[in-house]
Structure formats: structure tokens, C-alpha cells
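Reader: I have a structure open in front of me and I'm not sure how to read it. Could you walk me through it?

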Amino acid sequence: MKNAKVRLYVEHPLGAGQSVPLERDQAHYLFGVMRLAVGGFVTLFNGKDGEWRAEVAQAGKRTGVLVCEEQTKPLQLPPDLWLIFAPIKKARTDFIVEKAAEMGAAQIMPVQTDFTNSDRIRQDRLQAHAVEAAEQCGGTFVPKVTDLQKLERLLADWPEDRQLMFCDEGEVGKNALLQSFSESESKATKWAILIGPEGGFSSKEREKLQAHPQSHVVSLGPRILRADTAAVAAMTVWQQTFGDWT
Ligand code: SAM
């Protein structure tokens, strides 16, 4: 029986007959925790070459080698969607990163706004959460989690060809729909969603964002959502309107 129960992200080229040496923690996970052995099978993906079934050729306490046999899924890139959010409490920030990876963000961008409480994040830890989410959800792509940057800076260099779905709590109560679009905006393939911190956006930020040429001010319904809830709600609205769910 060649089916592989375990899915693993590897930073190594994948292809027919390709040998993939395992890192120490990967060997421990496969052979120590999941009790796989030589002759067993693992599903691998690396975010570029699709998903491959690989056979365990060597299995050790701290090392091992897998050999790719057959591609089981082609690479499926997510839409070109950035999820931009202001970090909140650790567990909830982890949640936002995990859901963004599962729901099809191409890039996850923590930003510092006027009312953001935290002034640093553990980018490596958040990136690991995105990898785990991709392993679990069957994705063949892993979104990049960028380092914390100032929202002001990001807006100053905003790319002209990218639309911005600005989730503005000041619009609470209005229709939770992306407003009508011009012909060109409806065809836009590059988008970003912006979610604020627990304290919301400052009035200075809101004015700037409402005046931004690529910004679309959006309500997420009649109640104020927690930032982590808002991230999921906004990605659902966006995916239904523009994304790869339809
Ligand atoms: N402290 C703010 C207040 O009480 O108005 C709430 C901020 S909310 C916890 C965090 C973020 O989620 C907001 O900045 C916004 O981006 C988004 N959000 C929450 N509810 C929303 C809604 N009904 N409409 C639009 N955005 C919303």
C-alpha cells in the first residue's frame, strides 16, 4: 500500500528519483514520532514543485533520506493576495497567520499601526505556523510571513497595480460587501486586505486610508469583530468575490 499518511514541507528540489536528505528535526518527527521506517511513504512539497510521494530509503535517529517517486499534485499557487494585519496577543496572532495560510493568502504582512501594542514579532515562529498550516490543509504553497514593518512605510511605497480592501471598523453596520468597482478594478488580480489592532485605526490613519487611491473601504457587518475574527471574515468575503473559491 503506497499511501502516505504524513505530509512534510521540505526546502529541497523535488522531482522523479530526487533524493531528499532530512534535517534532524524532520528525521525525529518521521521516525521517532510517526514511527515510519525504510520502505514507508511520505508526501512532500516545497512550495515550487508540487506535491510528491517519496519512499523512505534511509531512516536514522537524527538523519534519513527520502526518494521521490511520483508527483501526486501539481503546484497550485494561491491568488496574489496579501493579508496585512496589526499583531495582537501571541496566540491570536498565531491564529491569524495559520488561517491566512489555510485560506489562500500569498503573503502575510504584520504591520505596526498607531495603536498596535506589540513592537516586535518572532517572524521565524510565525513562518513555522504558516508551514504547519500548509502541511495540514493539503496546500502545495507556503505564504511568506514578512517582518514587522510600519503601515505608514508600506502605504508610502504602495504598488499602483494592487487594490486594498481596508476593513474599517468605523463602517460597522454598513453592508459587509466590497463596494462596486470600476471595470479595471473588478479585473484586478493583485489585492491586499488590511486589518487593524485591538484598538482599531487612529483617525489620522483612517483619513489617510479612506483617501488612498487604491483603497476600498469595507464593513464587516453590524458588529465589531475581534481582529482575528475580522481577518477570517475579510478573507472569506474577498475569496467569495475575487478569489479561488468560486
Ligand atoms: N477598537 C475598535 C473599536 O472598538 O471600534 C475595534 C477594532 S477591531 C477589534 C480590529 C480590526 O478588525 C479593526 O481595526 C478592523 O480592521 C476590523 N474590524 C472589526 N470589526 C469590523 C467591522 N464591523 N467592519 C470593518 N472592520 C472591522
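**Reading the model, feature by feature**

Author: Let's start with one residue: Asp 25 has a relative accessibility of 56%, so it counts as exposed. Keep in mind that this is a predicted model.

Reader: Why does 56% make Asp 25 exposed?

Author: The cut-off for exposed is over 50%, while buried means under 20% and partly exposed lies in between. Asp 25 at 56% is therefore exposed.

Reader: Where does Asp 25 sit?

Author: You'll find Asp 25 in helix α1. Its C-alpha is 8.6 Å from that of Thr 63, although 38 residues separate the two in sequence.

Reader: Which residues of α1 are buried?

Author: Helix α1 runs over residues 24-33, and its buried residues are Gln 26, Ala 27, Leu 30 and Phe 31. Look down the axis of α1 and these buried residues fall within an arc of 100 degrees, so they line one face of the helix.

Reader: What is the general idea behind a helix face?

Author: An α-helix has 3.6 residues a turn, so residues three or four places apart point the same way. Back in our model, the face of α1 turned away from the buried side carries the exposed residues Arg 24 and Asp 25.

Reader: What do the buried residues of α1 pack against?

Author: Four strands: β1 (6-9), β3 (41-45), β4 (51-59) and β5 (64-73).

Reader: What comes after α1?

Author: Arg 35 follows α1, in the loop between α1 and β3. Its phi is near 55 degrees, a positive value in a residue other than glycine. Arg 35 also counts as exposed, at 66% relative accessibility.

Reader: Can we zoom out for a moment? How many helices and strands does the protein have?

Author: There are seven helices and 12 strands. The C-alpha trace spans about 60 × 40 × 30 Å along its principal axes. Of the 246 residues in the protein, 50% are buried.

Reader: What do the contacts say about how the chain comes together?

Author: Try sorting contacts by how far apart the partners are in sequence. Take contacts between residues at least 6 apart: 74% of them join residues at least 24 apart. As for the outside, the protein exposes about 12600 Å², with carbon and sulfur atoms supplying 50% of it.

Reader: Which residues does Val 97 touch?

Author: Val 97 belongs to helix α2 (residues 90-103), and its relative accessible area is 0%, so Val 97 is buried. Not counting residues up to four places away in sequence, Val 97 touches Phe 85, Ile 108, Leu 126, His 129, Ala 130 and Val 145.

Reader: Is Trp 191 buried or exposed?

Author: Buried, at 0% relative accessibility. Trp 191 is part of strand β11 (residues 190-195).

Reader: Loops next. Where is His 212?

Author: His 212 lies in the loop between α6 (203-211) and β12 (215-218). With a relative accessible area of 13%, His 212 is buried. Leaving aside neighbours within four places in sequence, His 212 is in contact with Leu 155 and Trp 158.

Reader: And Phe 242: what is its relative accessible area?

Author: It's 21%, so Phe 242 is partly exposed. Phe 242 is in helix α7 (residues 227-242). The C-alpha atoms of Phe 242 and Pro 79 are separated by 8.8 Å, with the two residues 163 apart along the chain.

Reader: Last one, the ligand. How many residues surround the ligand?

Author: A good way in is to ask who is around it, then look at atom pairs. Here 20 residues surround the ligand, and the closest are Cys 167, Glu 169, Glu 198, Leu 220 and Arg 223. That shell divides into 11 nonpolar, five polar and four charged residues.

Reader: Which atoms of the ligand pair up with Glu 169, Glu 198 and Arg 223?

Author: An oxygen atom of the ligand lies 2.8 Å from a polar side-chain atom of Glu 169. A polar backbone atom of Glu 198 is 2.7 Å from a nitrogen atom of the ligand. For Arg 223, a backbone N or O atom lies 2.9 Å from a nitrogen atom of the ligand. On its own the ligand has 580 Å² of accessible area, and the protein covers 84% of that.

Note on methods:
Residues are numbered from 1 along each chain as its sequence is written. This is a predicted model: local features need pLDDT of at least 70, side-chain atom pairs count only at pLDDT 80 or more; totals for chains, interfaces and linings use all residues. Side-chain values use heavy atoms; hydrogens and water are left out. A residue is near a molecule or strand if one of its heavy atoms lies within 4 Å of it. A polar contact is a pair of N or O atoms within 3.5 Å; within protein, one must be able to donate a hydrogen and the other to accept it, and residues adjacent in sequence count only if both atoms are side-chain atoms. Accessible areas come from the Shrake-Rupley method with a 1.4 Å probe; for residues, only the protein chains shown count as cover. Ala, Val, Leu, Ile, Met, Phe, Trp, Tyr, Cys and Pro count as nonpolar, Asp, Glu, Lys and Arg as charged, and the others, Gly among them, as polar. Buried means under 20% relative accessible area, exposed over 50%, partly exposed in between (1.4 Å probe, protein chains only). Helices (H or I, at least four residues) and strands (E, at least two) are DSSP runs, numbered from the N terminus. The arc is that of the directions from the helix axis to the C-beta atoms. Contact means heavy atoms within 4.5 Å.
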